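Dear colleague,

I am passing a structure on to you with this message, and below it I have set out what was found when it was gone through. Please read the notes with the coordinates open beside them.

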Amino acid sequence: MTQRSHTLVVLVEDHPGVLNRVMSLFRQRGFNVNSVAVGHSETVGMSRMTFVIGGDDRMVEQVTKQLYKLLEVVKVTDVTGENLIQRELALVKVAATERTRADVMRLATDIYRARFVDATPDTLILEVTGPRDKIDSMLTMIRPYGIKEVARTGLVAMVRGTGSSRLTVVQDAVA
Amino acid sequence: MREARFISGDQGWLAFKGMEGRAQMVATTPADSGAMPAESKPTPVAKSAPSIGARVLCQALVREGVDTLFGYPGGAVIPLYDVLPEFPEIHHVLVRHEQGAGHAADGYARVTGKVGVCLATSGPGATNLVTPIATAMLDSIPLVAITGQVGQHFIGSDAFQEIDITGITLPITKHNFLVRHAADIGPTIQKAFHLAKSGRPGPVLVDIPKDVLLASAELAPAEALDLVGYKPTYTPHRRQIRLAAEEIRNARKPLILAGHGILLSGAMEELKTLAEKAQIPVGLTLLGIGGIDQDHPLCLGMVGMHGFAHANRAIHETDLLIGVGMRFDDRVTGRVSDFAPNARVVHIDIDPAEIGKNIETTVPVVGDARQALALLNAELEDLRHDEWLESIAEWRRTPPYRPHTNDAVLQPQFVMERLHEAMQGSAIVVTDVGQHQMWAAQYFKCNKPNNWVTSGGLGTMGFGVPAALGAALARPDEEVWAIVGDGGVQMTLFEFATLVQEQANVNVVIINNGYLGMVRQWQQLFHDRNYSETFISQPDFQMLATAYGMAARTITSRDDVDEAIEWAREIVGPTLLNFVVEQEMNVYPMIPSGGSYGELIEKGE
């Protein structure tokens with residue numbers, strides 16, 4: 001079966017230790033997690049976790065089923081291949097001297113729509129949002145100037161239009 | 001319930017369990033141990049006394065119908081032990097090690113279908129429960145483990161006897177709780193029992209800090225539970241049942257593989273009906289033993305690594321495998337790519353994560369085994385598979401492996417045969433893990449549900465004696481046999497003391513070959529007889545058991561086997577039979593680990 005990235009959106013009850021339970025499950029079963037993003041959802045007491053995991057479809061099915069066995073997990077949606085908005089935010093500290101600063105700024109803003117949020121005589125901090133490949137591409141282009149630090153949030157995702165990872169559809173229990 | 005614990009004749013040692021904290025001393029002999037003094041009623045707790053978390057915990061346990069609690073005191077649970085005498089409904093069994101408490105609760109659960117409950121203090125008490133909890137997890141046993149925790153102001157400070165037991169047990173519990181408010185004790189216990197026994201059963205741990213046990217609280221009335229993320233599917237999808245029925249109609253050589261789910265859901269009748277109605281033979285997993293009468297003509301006995309050759313051959317030839325309440329464990333399948341190579345697969349299980357996990361499934365059916373089989377029976381008309389059943393009968397005619405008879409040395413298989421002959425399936429059989437376990441599985445024909453207790457998934461050596469203790473206390477009027485090896489029994493033999501203290505009706509049978517036999521067998525077959533560290537020395541088991549106050553015998557000759565068994569059966573209270581058997585006997589048939597039916601070894605050299 002083909003290996004590919006899957007994006008799973010997981011709605012969980014906001015209890016202490018729930019992220020630990022989820023990550024313990026991934027670790028225990030050897031599931032490979034590429035990125036995690038966690039935050040409150042639209043419902044009080046519920047958080048939404050977005051995971052990007054690598055693996056074949058069968059493994060992802062197993063991940064989903066195992067996640068459902070956790071008491072706090074309310075809904076798991078594999079949004080891979082859906083009509084999806086995916087965004088990640090990155091902060092990038094890049095070396096920039098008087099000589100190179102203008103180039104960095106032009107490159108980052110014109111092509112990647114990055115914003116500058118800090119500057120010192122030797123560095124700039126860029127803030128950029130977008131799909132992963134856009135951020136990867138920007139990092140490639142900026143790298144020759146000297147990247148000093150990168151902080152990425154991990155991907156969050158949302159289905160366009162009426163499609164949803166909200167808790168409105170009853171789970172079909174049949175595997 | 002027994003109130004006083006005691007003694008055996010000469011040892012004359014006394015025991016003490018006073019309700020209301022009052023020590024009672026009674027000396028009797030094993031023969032009249034059935035006659036216990038009448039219980040005195042406990043003094044009711046004054047209504048005006050402010051109640052505390054510990055009392056609420058006991059009340060909540062009583063509300064859940066707990067009659068037996070296997071535990072061990074310690075600093076963090078002293079408040080609980082302080083109020084425990086107020087609850088004569090709960091018989092507390094003082095074990096000798098928390099691992100014993102866990103396995104005993106497990107044994108109790110397996111023979112009753114009820115939730116087993118064990119209790120330990122914080123720190124080492126809690127960590128000693130790890131193996132039993134994992135054992136229960138792998139075998140889907142309803143178990144509630146209650147642990148004390150250091151006071152909340154100490155949590156996170158590496159305080160004395162502090163350990164993060166909810167962290168440690170995260171991957172080996174169905175769920176666990178750290179209770180932070182005394183008011184939550186009642187609802188948490190209610191949830192814990194519900195989770196432990198519903199859906200696919202499993203262990204639930206409840207960790208309670210000492211200050212929570214001491215805090216003022218009253219038990220609130222039980223409320224309907226609403227667990228948003230926990231909705232096990234009991235009733236299978238109709239469409240899946242129809243698809244499964246269609247598969248059965250189209251099959252020429254169908255085979256049912258029945259697992260523990262049959263017993264857990266109480267689907268024994270439904271399984272029998274399906275087998276008879278559609279004339280489908282039934283293979284059993286190790287934990288499925290008891291799901292159907294093993295003398296039933298359609299029952300093929302155990303499958304898998306040490307299963308019967310005809311049963312494994314049936315798997316190899318079947319064109320439709322119907323797995324019910326089982327999980328295609330590697331000890332059943334061997335090499336997955338060669339497992340049931342000609343079969344389509346119907347898989348019925350209450351845990352959707354088991355379906356498609358190990359083998360590809362044609363028709364998944366998520367639901368309770370009993371409901372699924374009942375629906376399937378209603379959907380199906382009578383079918384016949386005469387040709388298929390005849391070929392299996394043909395394979396079966398090949399006599400099963402019997403080792404050469406050598407009168408000078410006692411054969412373990414002979415002991416098993418005689419034990420089975422004596423009991424005729426009427427006793428509860430508990431095993432430890434290893435060769436004796438496989439022989440027991442092969443030779444005891446279990447014809448009743450919940451009479452077969454063995455650690456399957458985790459393969460926990462040391463399980464046998466404490467699990468037998470739990471089984472015997474759960475069903476005190478029945479005969480319990482603990483079949484153990486000389487290796488495994490040395491892991492938990494301190495529970496002999498508890499057997500005597502409780503006068504548990506357990507006959508311990510040691511199949512004593514002086515080796516860690518199963519590992520030795522692998523070393524012999526796959527590692528050129530390099531018996532590295534598998535010869536294991538031992539105490540004089542007979543003297544040891546006698547010292548603990550058990551009646552004990554050592555048997556070395558074939559001629560003494562039957563008489564010894566009868567002798568043990570007539571003694572009330574625990575006994576030990578130390579059968580000194582041939583040292584290098586192997587378990588056959590055997591499919592080597594990761595092998596397939598084609599590699600089955602029928603018998604020894």
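Which residue in E16(B) is the bridge partner of Gly485(B)? It is Ile511(B) in E16(B) that takes this place opposite Gly485(B). Before going further, please keep in mind that this is a predicted model.

The second sheet of chain B

The bridge between Gly485(B) and Ile511(B) belongs to a pair of strands, E15 (residues 480–485) and E16 (residues 506–512) of chain B, which run parallel and are joined by six bridges. Both strands are part of an open sheet of six strands in chain B, whose order is E14-E13-E15-E16-E18-E17 and whose pairing is parallel. At the edges of this sheet stand strand E14 (452–453) and strand E17 (551–555) of chain B, each of which pairs on one side only.

The other sheet of chain B

Chain B also holds an open sheet of six strands in the order E2-E1-E3-E4-E6-E5, again with parallel pairing. Strand E2 (91–94) and strand E5 (175–178) of chain B each have a single partner strand, so one side of each is left without a neighbour in the sheet. Direction ignored, neighbouring strands of this sheet are turned by 20° against each other on average. Within the sheet, strand E1 (residues 68–71) of chain B runs parallel to strand E3 (residues 116–120) of chain B, and two bridges join them; Gly71(B) has Leu119(B) as its bridge partner in E3(B). Helix H5 (residues 130–138) of chain B lies across strand E4 (143–149) and strand E6 (203–209) of chain B, and runs at about 145° to E6(B).

A pair of helices in chain B

Two packed helices are described by the angle between their axes and the distance between the axes. For helix H9 (residues 238–250) and helix H14 (residues 369–379) of chain B, the axes come within 9 Å and cross at roughly 60°, which makes H9(B) oblique to H14(B). The crossing in which H9(B) passes H14(B) is right-handed. On the side of H9(B), the residues that meet the other helix are Ile241(B), Arg242(B), Ala244(B) and Ala245(B), and their counterparts in H14(B) are Ala372(B), Leu375(B), Leu376(B) and Glu379(B). Sorted by class, this contact has six nonpolar and two charged residues, and no polar ones.

Chain A and its contact with chain B

Chain A has four helices and nine strands, which follow one another from the N terminus as β-α-β-β-α-β-β-α-β-β-α-β-β. Its C-alpha atoms fill a box of roughly 60 × 40 × 35 Å, taken along the principal axes.

The contact between the chains takes 17 residues from chain A and 17 residues from chain B. On the side of chain A that touches chain B, two or more residues each come from helix H1 (18–28), helix H2 (57–68) and strand E4 (73–78) of chain A, and H2(A) gives the most, with five residues. By class, the residues on this side of chain A are six nonpolar, four polar and seven charged.

Confidence in chain A

The mean pLDDT of chain A is 89, and 91% of its residues reach 70 or more. Over residues 168–175 of chain A, however, pLDDT stays under 50, and there the model has 13 contacts beyond four places in sequence. Where pLDDT is low, the predicted coordinates should not be read in detail.

With kind regards

How values were computed:
Residues numbered from 1 in each chain as written. Chains lettered and ligands numbered in written order. Predicted model: local features only at pLDDT ≥ 70, side-chain atom pairs only at ≥ 80, totals over all residues. Pairing = 2+ DSSP bridges. Axes fitted to C-alpha atoms, helices over the stretch in contact; angles between N-to-C directions. Contact = placed C-beta atoms within 7 Å. Nonpolar A, V, L, I, M, F, W, Y, C, P; charged D, E, K, R; others polar. Parallel < 35°, antiparallel > 145°, perpendicular 65-115°, else oblique. Left-handed = near helix turned anticlockwise from the far one by under 90°. pLDDT = per-residue confidence, 0-100.
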